[in-house]
Amino acid sequence: MNATRHLLRYLRCERVVGPFLAMPAMLGLVLFVAVPFVMAAVLSLTNLRLGSPLETKFVGGQQYERVFADPSFQRALLNNGIFAAVVVPVQTGLALLLALALNQRLRGMAAFRTLFFMPVLFPMALVAVVWELIYAPGPSGPLNAVLEAATFGAATPQDFLHDRMLALPAIMFMSIWQGVGFQMVVLLAGLQEIPSELYEAAATEQAGRWSQFWHVTLPQLRNPLVFTALVTTILAFRVFDQVQIMTQGGPVDATTTVMFEAVRAVFDRQQVAQASAMTVVFFVMVLVVALVQRVLVRQRREVV
Amino acid sequence: MLPVSCKEDSSGVSEPQATRLRVWGHAGREAERRTVERQVQGFNEETDDVYVDLTLLPEGEYNAQVQAAALADELPDVLEFDGPFVYNYVWQGHLIPLDQYVSPELRDNLLPSIIAQGTYRRQLWSLGQYDSGLALFGRRSKLRIINARIPDTPERAWAGDEFEEILYRLAQKDVDGQVLDLKLNYKGEWYTYGFSPALRSAGAGLIDRTNYQAAEGVLNSAEAVRAMSRIQEWIGAKGYVDPNVDDYAFLGGRVALSWVGHWEYARYSEALGDDLVVIPLPDFGKASRTGQGSWNWGITRSCANPEAAMRFLEYLLGDDRVLEMTRANYAVPATRSAVAKSALHRPNGALHLYVAQLSQGYAVPRPRTPAYPVITSVFQQAFDDIRHGADVATVLNRAAAEIERDIHDNQGYPPQREEGG
């Protein structure tokens, strides 16, 4: 009897109430993630075109063959990889440095924190337009002028956004500038959570500042660091706005991204099916990266 | 101002209810926008039985909004669109042919370029109040210093070599050697509008226009490669072209020549006055060529009363309305009678060159095929690559192949049954 009642209660709580409570979120996930993804996957196997009066046909893997054979898409995959490989560590590292520097009890610190956080609040479109002006070519371009003054004339003026070697770094640099404030705030909050007793204990044990950083600060910051790295990785793969506004993927595909190629295919060329294939590739890519990160994080958690 | 209210207001006499026309237009520059609104208001005041309900949509996303409305079956009765999109809209079955509604007088009065732009598969689908054109705006004083001949008609255009000689001599006298503005700060459609005429001038083109099926051998022909290589050299190796990030290269006096459309006349003439000259584009071998085409009106399949819609279009094409619009945007009036009344466009007028180009066969419509959205997107990417120094032949080969693949995917864009109209 008792056991049955327990079982019933268990069923009521876990089997019924649980799913019931999860329903709104699950519904959202299904409607806005699962259904569009399945649709994209199905469309990517057809030749669907925007507004075409011709019959839509099933063409199998043809769109994928084309997408992978397209030099612009190949370059887009490479650019997304470079972007993530550079921006994620650099931006996270820089955010950590900033957070450490701003985690002091000095007068006016709030003003500094606000200043460093401000770029996050600006829309990317606005930031991109402003940086287009900063990167203006010729000696009168602001960045060129600064570089020339700082190197006493050794640096020659560059056309950053139209140089095949400099365009992607220029986009990465402004993206880091725009995004670093967000991670900084997360890490700053993490830093302030660390109990001061830990540092006092470390100091009693004769640990220097460097040693304190390695053995107290970093381990204590693990969760915020994992979180910021994950979010930045996903954002890095989604990069689109600044490319669309500043370079349109050029010069010669130097800054094109998977998202940019997909948007161009569907909105400029009405090639819905081809764009769907690109987004499916994109989804799989982000999924793999997220899974790998999850596995790494879980392993570390088990060790600790 | 609702049309239903007419019935109630009209002191007991029963009138037939006014036909209500839903009209979509593009929100252009402020002067253009105000003019269109004023003209719609004028039409509604003059006309008892037709009422026009105008909605202006932002220019940037215009085509996307039309496509969305078409999918939802919510197109208006009268639709404005950028010229070269008409063939795609016809193919998709959104428009009706205008031939049976246009009066012979109006047809005869229209510039040939307007008819050419609106014609697809031997039927007329669209009408515009104005047309456009390209030219080189020059600073007379700077050209005089180097003793350059200043051509005033398209047949006397600078030959390619002569033009390069002029650029060279101008550069010798210039601080940074940058003497030409190609509006490299513009994005999107500008590349196709501004530079595909150079292909035509060289004897090449975007696509073979006999049946609009082949780009191979046209877009990547030896002539095309030579013409695009020339422009690439001006920008790259020879450094003649100002990047014009601030859109002030010509106004600020940094360059002597600006390769752009008629729309810059307002700013340029105000700043330069008599020092401004309007020069035809250089001849790349087969005579000077310019772009043409602009915003157009068409009647959609969902319009229940095409005669009423045509009355609205005829009203817009009246001389006063056409001239009011071209005074606002400096475009070329679309009718011969309006051109004759426009001091700027009459023979010896400052902008007569544009009329000459349009009426004497120097203007080329962009390819009249439903494949145009793809052709222009592919060419824009190709020109951007060329501008940045990529190998011209490789880029054009790839572009030609991409265009042909799209045409093949669409079974050659076969005529649809509805096109019979």
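**Reading salt bridges, the interface and the cores**

Q: How should I read an accessibility value, and what is the relative accessible area of A:Glu132?

A: A:Glu132 has a relative accessible area of 23% and is therefore partly exposed, since the class of buried residues ends at under 20% and that of exposed residues begins at over 50%. Please keep in mind throughout that this is a predicted model.

Q: With which residue does A:Glu132 form a salt bridge, and how far apart are the closest N and O atoms?

A: The partner is B:Lys187, and the closest N and O atoms of the pair are 3.3 Å apart. To place such a pair, one looks up the element that holds each partner: this pair crosses between chains, with B:Lys187 in the loop between β8 (180-181) and α9 (190-201) of chain B and A:Glu132 in helix α5 (residues 124-134) of chain A. B:Lys187, at a relative accessible area of 40%, is likewise partly exposed, because its value lies between the two cut-offs.

Q: Which salt bridge links distant parts of one chain, and where do its two residues lie?

A: B:Arg254 and B:Asp242 form a salt bridge in which the closest N and O atoms are 2.9 Å apart. The two residues are twelve residues apart, with B:Arg254 in the loop between β9 (241-242) and β10 (257-261) of chain B and B:Asp242 in strand β9 of chain B. Accessibility is read for each partner in turn: B:Arg254 counts as partly exposed because its relative accessibility is 29%, whereas B:Asp242 counts as buried because its value is 3%.

Q: What does a salt bridge within one helix look like, and how many residues apart are B:Arg398 and B:Glu402?

A: B:Arg398 and B:Glu402 are four residues apart in helix α17 (residues 392-409) of chain B, which is about one turn of the helix, and their side chains meet in a salt bridge with an N to O distance of 3.1 Å. Because the dividing value is 20%, the partners fall in separate classes: B:Arg398 is partly exposed at 23%, while B:Glu402 counts as buried at 19%.

Q: Which residue of chain A also forms a salt bridge with B:Arg398?

A: That residue is A:Asp253, with closest N and O atoms 4.0 Å apart, a value to be read against the 4 Å limit that the rule applies. Residues that take part in several pairs can be followed from one to another, and here A:Asp70, A:Asp253, A:Arg269, B:Arg398 and B:Glu402 are linked in a network of salt bridges.

Q: How many salt bridges does the whole structure contain, and how many cross the interface of chain A and chain B?

A: Over all chains the search finds 29 salt bridges, and across the interface of chain A and chain B the rule finds six.

Q: What area is buried between the two chains, and what share comes from carbon and sulfur atoms?

A: The area buried between chain A and chain B is about 2500 Å², with 45% of it given by carbon and sulfur atoms. A:Leu54, A:Arg66 and A:Arg269 supply 24% of what chain A buries against chain B, more than any other three residues. The contact itself takes 29 residues from chain A and 30 residues from chain B.

Q: How many residue pairs are in polar contact between the chains?

A: The count is 15 residue pairs, with both residues at pLDDT 80 or more. On the side of chain A that touches chain B, α3 (71-102) and α12 (258-268) each supply at least two residues. By class, that side has nine nonpolar, ten polar and ten charged residues.

Q: Turning to the interior, which residues touch the most other members of the largest nonpolar core?

A: In this core of 117 residues they are B:Leu127, B:Leu219, B:Met228, B:Ile231, B:Trp234 and B:Leu257. A second, separate core has 42 residues, among them A:Val67, A:Leu161, A:Met172 and A:Phe240.

Q: Which residues does B:Ile231 contact, leaving aside neighbours within four places in sequence?

A: With those neighbours set aside, B:Ile231 is in contact with B:Leu182, B:Phe195, B:Ala198, B:Phe284 and B:Phe383.

Q: Where is B:Leu276 found, and is this residue buried or exposed?

A: B:Leu276 is found in strand β11 (residues 276-279) of chain B and counts as buried, because its relative accessibility is 10%. Sequence separation and spatial distance are read side by side: B:Leu276 and B:Ala350 are 74 residues apart in sequence, and their C-alpha atoms are 9.4 Å apart in space. Not counting residues up to four places away in sequence, B:Leu276 touches several residues, including B:Phe137, B:Phe250, B:Tyr265 and B:Tyr268.

Technical notes
Residues numbered from 1 in each chain as written. Chains lettered and ligands numbered in written order. Predicted model: local features only at pLDDT ≥ 70, side-chain atom pairs only at ≥ 80, totals over all residues. Heavy atoms only, no water. Contact = heavy atoms within 4.5 Å. Buried area = accessible area lost by both parts, 1.4 Å probe. Polar contact = N/O pair within 3.5 Å; in protein donor to acceptor, adjacent residues only side chain to side chain. Nonpolar A, V, L, I, M, F, W, Y, C, P; charged D, E, K, R; others polar. Buried < 20%, exposed > 50% of the residue type's maximum accessible area, 1.4 Å probe, protein only. Core = buried A, V, L, I, M, F, W, Y, C linked by side-chain atoms within 4.5 Å.
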